[in-house]
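Trainee: I should like to examine one part of this protein closely. Could you please take me through a single helix, from the residue before its start to the residue after its end?

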Amino acid sequence: MTTMNLTLLSSLEKVMRAENIPNSSFNGFSMLNNERKSFQLYIEADCNEISLEIKSDLNCITAYTVEYIPSEYAINEKTADDYVIKSKDGYYPDLLLPADDKIKLENGAKTIWFEIAPTEKLKAGKHKIELIVSAENEEKAVEFEIEIIDCSLEKQSLIFTNWFHSDCLMQEYGFEAFSDEYWRVVKSYMAVAREHGMNCILTPLFTPSLDIAVGGERPTVQLIDVTVANGKYAFNFDKLKKWIETAQSCGIEYFEMAHFFTQWGARFAPKIMATVDGEYKQIFGWKTLVISKKYKRFLTEFSTELKHFIDAMGLKNKTLIHVSDEPNASQTFTYRIAANTIKKLFSGYKIIDALSDFKFYKKGLVNTPIPSNDHITPFIGNVPELWTYYCCAQDNKYVSNRFFSIPSERNRVLGYQLYKYNVKGFLHWGFNFWNTRYSKMKINPYEITDAGKAFQSGDSYVVYPKKDGTPLCSLRLKVFYDGFQDMMALQTLEKLAGREKALDVLEEGLEQELTFSDYPHSKEWMLETRERINAAIKASIEN
């Protein structure tokens with residue numbers, strides 16, 4: 001006779017395969033009628049294979065198996081704080097695979113991830129969910145109840161860009177830029193990005209100069225066709241138009257134009273290709289200094305045409321402009337030259353850059369700075385519009401992040417923080433960066449998860465490539481979007497009962513106020529807080 005044990009878990013548990021399974025008191029939750037919710041089931045059985053059946057009047061529940069992915073560099077031991085998960089065997093639960101009819105166990109165990117993903121508003125009230133696991137002649141089940149609240153999440157107002165690398169898709173799948181297959185795969189990845197909160201997309205007017213060694217280059221993905229004849233420039237925007245329309249068909253609203261100067265100091269122009277007197281070749285790049293008069297003339301002519309195009313598309317208020325990514329104090333001289341050029345050419349546009357030195361903003365070099373969440377304090381209350389980001393450097397001060405080694409509640413708490421500080425935009429650099437550092441070579445993201453031991457595992461991507469040209473999601477991406485839904489739930493409560501009420505509910509019982517570094521390190525607090533928010537929403541709509 002087969003012996004089975006079933007443990008119901010929240011979406012915040014990361015079940016490590018070399019450790020004991022956590023005790024769980026999780027037995028249900030509430031949700032608004034248009035949001036997505038996840039939970040897990042841990043199965044132990046003395047057999048090799050099980051079958052799973054879901055019984056519920058909700059017909060929008062999908063099951064995934066949680067797969068373990070290797071990590072050689074999960075934690076920077078020199079800089080990381082102590083709020084991390086250390087794997088005993090170097091593997092972390094991350095990949096979510098759609099569950100088959102027959103689910104194979106690994107060493108007699110498996111974690112199943114379930115997602116309730118409605119395509120229309122769900123019926124309010126109590127709903128039972130029964131999970132039935134069968135193996136050979138044995139059957140076991142767990143049953144629990146959820147409550148759908150008769151209220152919808154507010155539309156996401158936060159601008160979120162998670163840098164989308166179409167060249168990595170080309171390298172992974174082997175198609176040419178702007179081929180039919182290119183557009184099919186790009187659209188499938190855009191759609192999944194949008195489903196998980198990305199409403200702004202990095203748009204490669206010219207091949208982005210991001211994470212690339214000086215003198216190196218990434219595959220050409222520039223959307224602007226440039227022609228030079230008798231020294232005169234002409235620009236064709238057909239590919240850009242198709243990019244925008246493809247993104248809009250997926251629900252993406254904002255367009256973040258790729259940087260007009262190279263990363264880390266704005267010293268050079270990005271790679272720009274053109275057809276010159278009939279020959280296709282590079283006309284600007286690493287040999288083009290920031291002070292180049294020829295490049296400035298090019299930008300002047302191009303920006304004029306680009307602005308006409310943006311106006312014709314009705315996108316001026318949906319367009320974001322970049323100068324250069326992550327300049328530091330030692331690069332002020334070159335960044336100032338580049339920034340002044342772009343500010344003059346794009347007057348009246350939102351100009352944004354990731355930078356964490358408040359002096360850049362004080363000097364008037366950028367109108368919308370994007371500081372990292374561990375350097376955000378000087379910016380709070382001192383900029384007209386607060387944005388933030390994180391990347392591999394944000395592994396200290398207990399700030400939120402989404403590495404493999406980051407506990408899920410530390411990933412998800414970002415949503416509460418974004419609401420508390422009325423953050424208008426969030427940026428992350430790695431939706432699907434499947435290269436080593438500086439883009440020196442492509443990697444297999446199922447095997448190399450740290451960009452060649454350069455960035456902590458999970459920093460550079462949140463999706464995995466499926467052979468059919470569609471993405472597979474990570475557990476981290478689902479939890480990250482749960483944080484966005486928490487933020488939107490607080491905005492919903494604010495609309496019903498006011499911001500003061502929403503903040504009171506959020507910080508109820510805390511000994512000190514919620515900040516980007518200070519918050520309870522507790523799965524229970526995270527879940528209980530969301531239940532309080534939902535209860536307050538329900539009370540508001542019933543009164």
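Mentor: In this predicted model, Ser 292 caps the N-terminal end of helix H4. A side-chain oxygen of Ser 292 lies 3.3 Å from the backbone nitrogen of Lys 294. From there, H4 runs over residues 293-313, which amounts to 21 residues. The distance from its first C-alpha to its last is 30 Å, close to the 30 Å expected at 1.5 Å a residue.

Let us now consider how the side chains are placed around this helix. Eight positions deserve attention: Tyr 295, Phe 298, Leu 299, Phe 302, Ser 303, Leu 306, Phe 309 and Ile 310 of H4 are buried. These residues lie on the same side of H4, because they cover an arc of only 130 degrees around the axis. The buried group includes Tyr 295, in the early part of the numbering, and Ile 310, in the later part. To be called buried, a residue must have under 20% relative accessible area, whereas an exposed residue has over 50%. On the other side of H4, the exposed residues are Lys 293, His 308 and Ala 312. Thus His 308 is exposed, while Phe 309, the next residue in the numbering, is buried.

We come finally to the end of the helix. H4 is followed by Gly 314. The phi angle of Gly 314 is positive, near 70 degrees. To review the course of this part: Ser 292 provides the cap at the N-terminal end, the helix itself occupies residues 293-313, and Gly 314 comes after it.

How values were computed: Residues numbered from 1 in each chain as written. Predicted model: local features only at pLDDT ≥ 70, side-chain atom pairs only at ≥ 80, totals over all residues. Heavy atoms only, no water. Helix = DSSP H or I, 4+ residues; strand = E, 2+ residues; numbered from the N terminus. Expected span 1.5 Å × (residues − 1). Buried < 20%, exposed > 50% of the residue type's maximum accessible area, 1.4 Å probe, protein only. Arc of directions from axis to C-beta. Polar contact = N/O pair within 3.5 Å; in protein donor to acceptor, adjacent residues only side chain to side chain.
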